[in-house]
Amino acid sequence: INELKELLSSFDDPKITVQDLAFFLMTHNFDAKPTSYGVELDLDGTIYKLVPNGKEPGLCDISPAIP
């Protein structure tokens with residue numbers, strides 16, 4: 001998770017879309033897929049929900065997905 005957080009905090013893009021974020025993560029070898037609410041990311045069996053955060057620092061907010 002630390003590698004993921006470091007990657008996401010090293011870029012800012014207030015106009016990034018869910019599809020762009022999923023593509024960005026997949027190009028960095030993360031198991032990510034766009035959904036209706038954001039990006040679902042499977043990291044070592046733990047599912048995280050990532051939502052683009054607009055003008056906030058970094059690319060998105062991360063939270064564990066609730067089953």
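At 17% relative accessibility, F24 counts as buried in this predicted model. The residue lies in helix α2 and is one half of an aromatic contact with F11, a residue of the loop between α1 and α2. The structure holds 1 aromatic pair. In that pair, F11 and F24 meet edge-to-face, with 5.5 Å from centre to centre and 80° between the planes. Because F11 belongs to the loop between α1 and α2 whereas F24 belongs to the helix α2, the pair ties together parts that are 13 residues apart in sequence. The loop partner, F11, is partly exposed, with a relative accessible area of 39%.

The overall architecture is considered next. The chain comprises 2 helices and 4 strands, and from the N terminus on these elements follow the order α-α-β-β-β-β. For 67 residues, a compact globule would have a radius of gyration near 11 Å; the chain has 11 Å, which agrees with that expectation. The C-alpha trace spans about 30 × 25 × 20 Å along its principal axes. Of the 67 residues, 31% count as buried. Among contacts between residues at least 6 apart in sequence, 35% join residues at least 24 apart.

Helix α2 spans residues 18-27. Its buried residues are V18, L21, A22, F24 and L25. Viewed down the axis of α2, these buried residues fall within an arc of 160°, and they therefore line one face of the helix. An α-helix has 3.6 residues a turn, so residues three or four places apart point the same way. The face of α2 turned away from the buried side carries the exposed residues Q19 and F23. On the buried side, the residues of α2 pack against α1 (2-9), β1, β2, β3 and β4 (60-64).

In soluble globular proteins, nonpolar side chains tend to be buried together. In the present model, the largest nonpolar core has 18 residues, and those with the most contacts inside it are L8, L21, L25, V39, L41 and L50. At least two residues of this core are supplied by each of α1, α2, β2 and β3. The largest share, 5 residues, comes from α2. Two of the residues with the most contacts inside the core, L8 and L41, are described here through their neighbours. When residues up to four places away in sequence are not counted, L8 touches L21, F24, L25, L50, G58, L59, C60 and I62. Thus F24, besides its aromatic pairing with F11, is also a contact of L8.

L41 is placed in strand β2 and is buried, with a relative accessible area of 0%. Leaving aside neighbours within four places in sequence, L41 is in contact with L4, L25, F30, D31, A32, T46, I47, Y48 and L50. One of these contacts, F30, lies 11 residues from L41 along the chain, with a separation of 7.3 Å between the C-alpha atoms of the two residues. Another contact of L41, A32, has L41 as its bridge partner in β2. Strands β1 and β2 run antiparallel and are joined by 4 bridges. Their hairpin has 4 residues between the strands, and G38 takes a positive phi near 160° in this hairpin.

Backbone geometry in the loops provides a further point of interest. Most residues other than glycine have a negative phi, and most peptide bonds are trans. N29, although not a glycine, has a positive phi of about 65°. This residue follows α2 and is found in the loop between α2 and β1 (31-34). N29 is exposed, with a relative accessible area of 75%. D44 likewise has a positive phi without being a glycine, with a value of about 55°. The position of D44 is in the loop between β2 (39-43) and β3 (46-52), and D44 is exposed, with a relative accessible area of 79%.

Methods: Residues numbered from 1 in each chain as written. Predicted model: local features only at pLDDT ≥ 70, side-chain atom pairs only at ≥ 80, totals over all residues. Heavy atoms only, no water. Buried < 20%, exposed > 50% of the residue type's maximum accessible area, 1.4 Å probe, protein only. Arc of directions from axis to C-beta. Contact = heavy atoms within 4.5 Å. Phe/Tyr/Trp six-rings, centres within 6.5 Å; stacked < 30°, edge-to-face > 60°. Core = buried A, V, L, I, M, F, W, Y, C linked by side-chain atoms within 4.5 Å. Pairing = 2+ DSSP bridges. Rg over C-alpha atoms; globule rule 2.2 N^0.38 Å.
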